[in-house]
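Biologist: I am new to this structure and would like to start with a single part. Please give me a close look at chain B and its surroundings.

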Amino acid sequence: MWIPHVVQRNAMIRPDALALRDAARELTWQQLNARTDAIATALAAQGVVHGDRIMVVSGNRSEVLELCIAITKLGAVFCPMNPNNPVPELEYIASNIRPVGVFAERGLLDALAGRLPGWSVAVGEARYEEMAQGERRSHPLPAQGDAAVIFSTSATTGRSKAVVVAHRSLMACYVGMAAETALSRDDVMLNPCPLFHGSMVIGLALLAAGGQLVIERDFTPQRFLSDVARLRATRAFLTPSMIRFVLQAKSFDTTDLSSLREVMHGGGPISADVLREGLARFPCRFRSVYGITEGGGPIALRASDEPEPAGLPHLKDPPLAAGRMMPGAHIVVLDDDGKILPSGQIGEICVRGDGVMEEYWDNSEATQRSVVDGWLHTGDLGCLDASGYVYLIDRKNDLIIRGGQNVYPAEIERVLRKQPGVSDVAAVGMASRDWGEVPVAFVVPDAAQRPSELALVSSCSAELASYKRPVAVYLIEEIPRNAAGKVLRRVLRERLAASTTAS
Amino acid sequence: MTNKLTPGRVLLMEVLDVPQLADTIADDADLILAGINSGDLIRLGLRIEEQTDLPLTDDELIELQTVNGIDNVLANRTRE
C-alpha cells in the first residue's frame, strides 16, 4: 500500500504544493493523485488486474513516475526498462516477466511494434492524456508484501534478472533515508539518474517525505547547474562520474549553488580526488550512498561532516569508507561458511531487513543463491571497521561498474562469442578517469578469419546497451585460464594496467 | 563508409572510446540513435567549453545531437 498511501496522504495534506516536475510540466500533489487515479481506472477498464506486470520503456520524464504510481495503485507491478536496451534484449526481458502491456515513448514503440506481447500506449501522446484525464474510481490498496516494482539488473550469467521489490521495501527505504538524512517537505531534489535504475527508490523516498522531485531528462553538467540555481534545489543524487563532469563545467564557478544542502552520490565508489574537490567547491555536505538493487536501494550512508571513521590501520592503502548501515538495513560480513566475521576481517558484505527484494522473478534458483538464511549476499567483498563503517575491498563476482551502471563480462562475451572469426573471448574492467571503470574485451581470433575491432564493437552495439559496449577489443593469442578452465581475469587486468603504465 | 572530416566529426572522434564509430554516422543522424553513448556527448560538450573557454548555452546543448549540429555550434563560436 506504500506508494498509493504516500500520494493520497500528500494530496490531502498539501494539495497545492508541487510534487513532480520535469522540463515539460509541473504537477501538484492533487494533480498527481487525480491523474494517477484516472490512469489506474483506465488500466482496470483495459483488464489489468492485481499482480499484472506492465513494462515502461522511456527516457526520464515525469510520466514514468506517474505510471509507477498509477500501476501500483492498482496492485499491478511497474517494470521500468532501460530505453537504450536493443530490441532483442527488451524482447528477452518481456519473455521473462510476461507483461500484459507496455508504455513507451513513440520512437521506441514503433521499434517494438509486434515484438512484445499485449497492448501498447505511447507515453505523453493523446491516448495517454485521455487515460490521465478520464474517469476516476477508487481501488483497493495493495498489501505491503505485494510486488510494486520489478527492476531489471545485469547478471553474472549474461542475461538480465528481474528483481521483485515489494511496497514494504520502498517504505523501508524511506524510513531509513528520512531518519538518517532528514528528508523533508521543503526539499527540492534533482534526479538526473535514470528512472529504470535501482536508485529511483531514493526519488520515491523524497516524494514520501512530501518533497518535490525534479526529473532531469538527460544529464548534462551544464543543465544540472542551471537547474540547481533556477529551481533552488536543496538536494541532488549523482554518480561520481556526474560529479566529476559538473566540476569541469565552465559555468560551475558562476552558478548560484547556495540552495544546496546535500549532494548524495552512489552507483559506484567515488575517488578521493573527486570527493576532495567536490567538498572544496560545492557549498554543502556530500553523502555517500552504498546500495544494491536487490537490497532495496541504499543500505549504508556516510555524510562528509561525520567524524572520521576508525579506519583500517592494518590495511595498506584502504579504500574510503562507504558508510554505516542505514536504519533498517542490518549489515554483516560473512565468511564462506556463513559465519559472521569480526571487524577488520574481509568477507562478503551481506544485508537483511525489510528492504531486501522478495525474489528474482521466476528464478528461484538464483534467489536461493542470493538470499541465504535471510541474508542477501551482495557479491561485494569488504569489511567493517571498529566504528561500524563498511569498506568495499573487491568483488566476489566480475562485475564492471561503468559510471554507476553495472555490466557483467558474460553479457559482452555472449555477444562476441557468436561473431565470425572469434575463437575465444573474455571481458574485464579497465580503470577509467571519467567512468571509474570501462569494459574491454580480449578476443582470440580464428586462425582462418581475423575479425576487425570495429566489426566486433559494432556487433556489441546491435545487441547491447551502449554503456555495455567494450571501449576496446584486443586480439590476443590465448585467454589465460586456470586448470579448471576458468578465465584468469586478474591476469588480463594486470596486463591492461601494465600496458597503460607503459604508455 | 567515409564521411567528410568536418571539425565537428573530428571532435566527436576525439571523445569517443572507439573513434572509428564516428565515421559510420551520417551528418544528420541522431548520435544517440546511431549508438553513441550519452556519456560521450557529455565529454563532447565539456571539450567544446574547454576549447572555446565559454560555457555552453541551453540552445547549444540541444544542438549537439548530430554531426551537423556540432559543426554549427563550433562555427558560431568561431564567428563570435
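Modeller: The walk below starts with chain B alone, then turns to its contact with chain A and to one helix there.

First, a word on the ground rules. This is a predicted model, in which local features need pLDDT of at least 70 and side-chain atom pairs count only at pLDDT 80 or more, while totals for chains, interfaces and linings use all residues. Residues are numbered from 1 along each chain as its sequence is written, and chains are lettered from A and ligands numbered from 1 in the order in which they are written.

Chain B has 4 helices and 0 strands, where helices (H or I, at least four residues) and strands (E, at least two) are DSSP runs numbered from the N terminus. Read from that end, its elements go α-α-α-α. The radius of gyration of chain B is 12 Å, close to the 12 Å that the globule rule gives for 80 residues, so chain B is as compact as a globular protein of that length. (This radius is taken over C-alpha atoms, and the rule is 2.2 Å times the number of residues to the power 0.38.) Along the principal axes, the C-alpha atoms of chain B fill a box of roughly 35 × 25 × 20 Å.

Of the 80 residues of chain B, 34% count as buried; that takes 20 or more other C-beta atoms within 10 Å of a residue's own, against 12 or fewer for exposed and anything in between for partly exposed, with C-beta atoms placed from the backbone.

Now to the place where the chains touch. The contact takes 18 residues from chain B and 20 residues from chain A, two residues being in contact if their C-beta atoms, placed from the backbone, lie within 7 Å. On the chain B side, α2 and α3 (58-63) each supply at least two residues, and α2(B) gives the most, with 7 residues. That side divides into 8 nonpolar, 6 polar and 4 charged residues. Here Ala, Val, Leu, Ile, Met, Phe, Trp, Tyr, Cys and Pro count as nonpolar, Asp, Glu, Lys and Arg as charged, and the others, Gly among them, as polar.

Helix α2 (38-52) of chain B also helps to cover the buried residues of α10(A). In α10 (residues 240-248) of chain A, 7 of the 9 residues are buried, so this helix is largely enclosed by the rest of the structure. Among those buried are A:Met242, A:Ile243 and A:Phe245. From chain A itself, the cover includes α9 (221-231), β11 (235-238), β12 (262-266), α11 (272-281) and β25 (436-445).
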